[in-house]
Structures are given as C-alpha cells and as structure tokens.
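Please look over the sequence and the model shown below before reading on. The paragraphs that follow lead from one helix and its surroundings to the arrangement of the whole chain.

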Amino acid sequence: MRAVHFGAGNIGRGFIGLLLSQAGYEVCFIDVNESLVSLLQQKAAYKVSLANAAHDTMQVQGVTALNGNDIDRVAEAVADADLVTTAVGVNILKHIAGGIAQGIERRLTRSPLPLHVIACENAIGGSTQLKEHVYAHLSEAARKSADTLIAFPDAAVDRIVPIQHHEDPLEVTVEPFYEWVVERSSMLPGAVEIGGVHYVDQLQPYIERKLFTVNTGHCTAAYLGYLHGFATIQDAMADETIAAQVQQVLEETGAMLVQTYGFDAAEHSRYIHKILDRFRNPYLTDEVVRVGRSPIRKLSPNDRLTRPALQAYALGLEPQYLELAMACALLFDYPEDPEAVELQSAIAALGVERALSEFTGIAADHPVHIQVVNHYHKLKQQVHSS
Ligand SMILES: NC(=O)c1ccc[n+]([C@@H]2O[C@H](COP(=O)([O-])OP(=O)(O)OC[C@H]3O[C@@H](n4cnc5c(N)ncnc54)[C@H](O)[C@@H]3O)[C@@H](O)[C@H]2O)c1
Ligand SMILES: O=P(O)(O)OC[C@@H](O)[C@@H](O)[C@H](O)[C@H](O)CO
C-alpha cells in the first residue's frame, strides 16, 4: 500500500511516517525543503528515537520523497496513492491543495478505487478545510465524482515532537506517547483502517479535548515561559507558579469540556495530569518559541485560546486563567516568528484593544476582552519594571 504524506518535518517523520510504515505502507514524503527531500531520496530511511530513559530507537525504511514544487510528479503520486496524509501546518493546506486536486483529477479518470485524504494538523476540521481548498481547484464534473470516491475525514494527532538538533538531519526524537484519532463516519464504505489509528464516530469531542488540553496548556506554558525568560517548556514547567497557572488553565478548559461533552470528571482530571507530566518529560528539550509559534493562529477564533475561553464564558464559567494566557500570547514578541512580528506591529498601530478584537473576533465590550486587556496592561507594567 502506498501513502503519500505532505510535510517531512517533525511530526511527519516522527509520527505519521513512522506509524504508516509500521502499518505496512510505503511512504512517499512530499516537502518543499530541498535538502530534506534529497536526503530522504538518498537514504530512503531514517531513525526515530524515543524520549525515554532507554532512548529506544526505531528505523523507518523504504521511504521515498518528492519535491512539492514538482507538481506533475506530486499529482502522479496522489493519483496512484492508497492514502494521502498531511502535516504541513493548517495555514499551508491551501498551498498543497493544487497538487492534490490535479492528482485527484487524474485518479478519477483511471481508477474506481476510493481515496482518503487526512490532514494531521492542530486544528478543528483540518481535513474539511483541506477539502474546501482542493475542491476550489476541481472541475464541476470532478467534484461530483470526488463526492463519492474521495473522502476527507477529520483527525486529531497527538505526539510532542520538538525541533531537532541531531548530527543526522533525518533523525527525530519523539515522546513515547502518541494518539491519532480519525472520524470514521466521514469515511467511504469498505475503507481500509490504518493499524495504530483510533477510529471514532464523531471527532468533535476528541479534537476539542486534545486541542483545548494539550495545546492550550502547552501554549500557556510557552507564553508564560517566554515572558519569564525560560528557553524550554521543561524549564518553564519547573517554575511552580507557571506550572500552577498552566494547571488552572486546564481546569478551566476541563470544566468546559466536561460540561459540553459529558466526559467523566475524574477521568478528565487524570488526562490533565498525564499531559502536565508529558510537558515535564526530562528527556525532551522543547523550546518555548516552537510551542508559542504563530500566536495569531493560536489566538484565532477557532483555536486553543479564544474558543475555549468563549465556550467557558458562555457556560457561566469564569475563564480567568485563559484570559491571562491570552494576554501572555499578546506579549509574545519573538522577532524570528513572522506572526509574532505582525501581532506586535498590529498592537503598536491599532492599540491592544482593537488588535485583540481583530485577531480573536471578540467585541471590545465583551467581558473576556476587557479582562484580557486588563491582564495585558498589568503584565506589560511588570515586564517594564523588572
Ligand atoms: N511537532 C509536534 O509536536 C506536532 C504534534 C501534533 C501536530 N502537529 C502539527 O503538525 C503540523 C506540522 O508540524 P511540525 O511540528 O511537524 O512542523 P515542521 O515545521 O517540523 O514540519 C512541517 C513541514 O512541512 C513542510 N512544508 C511547508 N510547506 C510545504 C508545502 N507547500 N508542501 C510540502 N511541504 C511543506 C516544511 O518544509 C516542513 O518540513 C502542524 O500543523 C502542527 O500543528 C505538530
Ligand atoms: O504545532 P502548533 O504550533 O499548533 O502547537 C505547538 C505544540 O503545542 C504542538 O506542536 C504540540 O507539541 C503537539 O500538538 C502535541 O501533540
């Protein structure tokens, strides 16, 4: 079986490529990083090591790679694939959609076999978003056939894979934990299920639980850590005040998730504590600037800060630590992150009130907005006086 995977980066090699290879797929990576593509072509294999005491290692073999700019070959690979997956970043999906669409057009003329396209991004409805981008490139006739032969089931993926600093540029160190959940109800009849993937009827509770626990807690640790001068999540979590604030945030999202989806409260509390332990994994070095990357995306209405804060508020819960985390995100001024630079220029140009409304969609007179701005001004004063 052939899988075409877009994005040979950290999660692409360290999780999706590894799991697909273990499930019996020949994996063809597609990436625009030329040196990465050429190394994968030369070596056809790479090493994955686990961030545990034993430093267990695994070898992924028989992989191939294509340059994402070679649209003709990308389309050919998609046309012949048994599965297409992505881990490029949700904002990059629109850039890979053209190649996928060309592949689908060719495939529909030569094969009656169904194809599943799964976006493994940290976003609600990632595959659905990819489908919209792909369909924008398809002819009316192709769209009609694709409706019955091509499915885009949404997914949630969880495994912490930091930025890598190995001598071998293909090696990747990953945490031992992993979870890949795919929505079965949007799959086509007779679909082959991938070994190691957890299939569920409705993804919404799973993606919200993952995004609003793992990723909300993670970015809170990152933004608080950045503000206090810590370089890594592990260092930030060793600070008792930060660790307590991260836990408070997760208790707020937890209360919202338990009320919304009826999760068992005790089980959810264990889930939170397991995640806090994962953040502290002493065998990982995960930079706060990676975890805090793209603050505009992270503050956007459907992402890990704004959405749970507004959902909690709507339920009558007071999301005060989420508001604090949002204010810290507004203070993420890392000059090498293009979104952090854009965010800081917007705050300088519009003022924090308007910038906050612009990026989160929250009206200036909403109580959550008012509290975030209050926290922002207080934190800014503390930063100046320290
Ligand atoms: N790293 C993690 O811990 C983790 C865990 C779960 C989910 N994710 C999600 O997975 C996605 C990728 O994250 P990552 O950490 O692996 O990032 P990454 O930067 O390591 O990898 C992204 C890869 O995509 C490639 N890429 C960019 N534009 C492309 C294009 N047009 N065509 C093909 N390839 C392209 C990049 O060259 C890079 O190799 C993100 O959506 C992220 O939120 C990451
Ligand atoms: O990838 P992002 O930028 O959406 O979020 C950064 C991290 O929180 C994220 O990559 C986690 O490590 C991952 O989601 C764990 O499953």
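A residue is called buried here if 20 or more other C-beta atoms lie within 10 Å of its own, the C-beta atoms being placed from the backbone. The model to which this criterion is applied is a predicted one. In helix H16, which runs over residues 352–360, the criterion is met by Ala355, Leu356, Phe359 and Thr360. Viewed down the axis of H16, these buried residues fall within an arc of 105 degrees, and they therefore line one face of the helix. Such a pattern can be set beside the geometry of an α-helix, which has 3.6 residues a turn, so that residues three or four places apart point the same way. The cover over the buried residues of H16 includes H12, H13, helix H14 (320–330), helix H15 (338–350) and helix H17 (367–385). Just after H16, Gly361 adopts a positive phi of about 80 degrees.

Two of the covering helices also frame Asp303, since this residue is placed in the loop between helix H12 (295–299) and helix H13 (306–314). Is Asp303 buried or exposed? Asp303 is buried, because 23 other C-beta atoms lie within 10 Å. If residues up to four places away in sequence are left aside, Asp303 touches Arg297 and Lys298. Its C-alpha atom is separated by 9.3 Å from that of Thr360, although the two residues are 57 apart along the chain.

On the scale of the whole chain, the domain assignment gives domain 1 (2–202) and domain 2 (205–385). Their C-alpha centres lie 28 Å apart, and 16 residues of domain 1 are in contact with 17 residues of domain 2. On the side of domain 1 that touches domain 2, the residues divide into 9 nonpolar, 4 polar and 3 charged. From a separate record, an unreviewed UniProt entry, comes the feature "domain: Mannitol dehydrogenase C-terminal", placed at residues 203–346. That span is 72% helix and 0% strand, and its end C-alpha atoms lie 35 Å apart.

Where, finally, does ligand 2 lie in relation to domain 1 and domain 2? Ligand 2 lies between them, because both domains give residues to the shell around it. This shell consists of Asn122, Asp158, Arg159, Ile160, Val214, Asn215, His218, Val291, Arg293 and Ser294, which divide into 3 nonpolar, 4 polar and 3 charged residues. Helix H7 (residues 204–227) supplies the largest share of the shell, 3 residues.

Conventions. Residues numbered from 1 in each chain as written. Chains lettered and ligands numbered in written order. Predicted model: local features only at pLDDT ≥ 70, side-chain atom pairs only at ≥ 80, totals over all residues. Helix = DSSP H or I, 4+ residues; strand = E, 2+ residues; numbered from the N terminus. Buried ≥ 20, exposed ≤ 12 C-beta atoms within 10 Å, placed from the backbone. Contact = placed C-beta atoms within 7 Å. Domains from an automatic or database assignment. Nonpolar A, V, L, I, M, F, W, Y, C, P; charged D, E, K, R; others polar. Near = placed C-beta within 6 Å. UniProt positions renumbered as here; feature names shortened; annotations may be inferred. Arc of directions from axis to C-beta.
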